[in-house]
Amino acid sequence: MLGIIAVVFVFSVIILVHEFGHFIMAKKCGVRVERFSLGFGPELLGIKKGDTRYSICLILFGGYVKMAGDDPRGNLTGKKWEYLSQPISRRLAIVASGPILNYLLAFMIFFLIFVAGSPTLTSRIGGLVEDYPARMHKLLEGDKIIAIDNQEVKYWDQLTKIIHSKLEGSLALTIQRQDRIFRVRISPKIEEVKNIWGRSVKIGLIGIRPSDDIAVLRYNPAVAFYKAGEKLVLLSSLTLRGIWAMISGQQSFKESVAGPIQIASIIGKTAKMGLTYLFSIMGVISMALAIFNILPLPVLDGGHIMFLVLEKIRKKPLNLEIQEKIQNIALVILVGLLLFVSYNDILRLMGK
């Protein structure tokens, strides 16, 4: 039940923020919004305020904003409050505001997590691997690595970054074992592994596993602001590089993409770990949704932006029938991809 509640909460918030982006920019541009809906299908709850009906519908995994005059085949009157009567710059702002607010939501989540406290694995050793240098040098479970080559380390990601990058020579590890502090020099074992892009890379390993010892990292608002931006830029870069790796064939699409079932499963598992982890995964999903939506694919926001850019260049809209054919083809492809990744998600969950 907790998992179901978490999934509904995460998707509802992300979708609500996305649609609110379109909604608030449309209002700002003077466009009349006829309906603001969270979900699709039969309406469960609804209220009309001004020109807009606000609805919560049965199928919560989605939403939409219906603007006056947004259908070129409809009865357009040329009134200033119609979407298609707006200049291209305003229409582009309305379309782009959904992904932009998702991106800002991700930033705000990361910022608040860094201010409130972000749980991080410490540098304490939780296990050792046979036939690797750490065990051979008689390191023990419970030992804490407090420095590497006189560089202080407190957290697991710090020490793994240093160890993985050491491809030649040895490392001087400062170890804390209960009340005793001593040093040991270890030469990492070099191995070839696949990185997240599917490429073979060499890394140094000493054969240690993290413990369940966790420290809570808190920052003042100024530092948290910088850290949130840094994390968002890093995640965005990884996402874009991953997309390019799939497009260029460097990375398997099947192995790289998680569909809605897999994402829901991840959210459900994360919810059991605590609110910080749940909000963290919400930030990642919101960021990913923003980037995915801005891709220049018809039926996505990026596709609408592409058509608007073409309209600006051509000084007139693309032929309506051509637009509809492109969108229909794109819709079939996206539905096919959705079915494929959903089927793949089910296989993963079944362990196949």
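Ile59 is partly exposed in this predicted model, because its relative accessibility is 47%. Partly exposed covers the range between under 20%, which is buried, and over 50%, which is exposed. Ile59 lies in strand 2.

Ile59 also belongs to a nonpolar patch on the surface. Its partners there are Phe40, Leu44, Leu45, Ile56, Leu58 and Phe61. Together these residues make a patch of about 680 Å². Two elements give two or more residues to the patch: strand 1 (33–49) and strand 2 (52–67). Strand 2 gives the most, with 4 residues.

Now turn to the open sheet. It has 4 strands in the order 6-5-7-8, and their pairing is antiparallel. Strand 6 (151–152) and strand 8 stand at the edges. Each has a single partner strand, so one side of each is left without a neighbour in the sheet. Helix 4 (residues 156–165) packs on this sheet. Helix 4 touches strand 5 (144–148), strand 6 and strand 7. The direction of helix 4 makes about 55 degrees with that of strand 5.

Look next at how strand 7 meets strand 8. Strand 7 spans residues 171–177, and strand 8 spans residues 180–186. The two run antiparallel and are joined by 7 bridges. Follow the pairing through two examples. Leu171 stands opposite Ile186 in strand 8. Gln176 stands opposite Ile181, also in strand 8.

Strand 7 and strand 8 form a hairpin with 2 residues between the strands. In this hairpin, Gln178 takes a positive phi near 55 degrees.

Notes:
Residues are numbered from 1 along each chain as its sequence is written. This is a predicted model: local features need pLDDT of at least 70, side-chain atom pairs count only at pLDDT 80 or more; totals for chains, interfaces and linings use all residues. Side-chain values use heavy atoms; hydrogens and water are left out. Two strands pair if DSSP finds at least two bridges between them. Patches are made of residues with over 30% relative accessible area and no salt bridge: like charges are joined within 9 Å, nonpolar side chains (Val, Leu, Ile, Met, Phe, Trp, Tyr) within 5 Å. Accessible areas come from the Shrake-Rupley method with a 1.4 Å probe; for residues, only the protein chains shown count as cover. A salt bridge is a side-chain nitrogen of Lys or Arg within 4 Å of a carboxyl oxygen of Asp or Glu. Buried means under 20% relative accessible area, exposed over 50%, partly exposed in between (1.4 Å probe, protein chains only). Contact means heavy atoms within 4.5 Å. Axes are lines fitted to C-alpha atoms, for helices over the stretch in contact, and angles run from 0 to 180 degrees between N-to-C directions.
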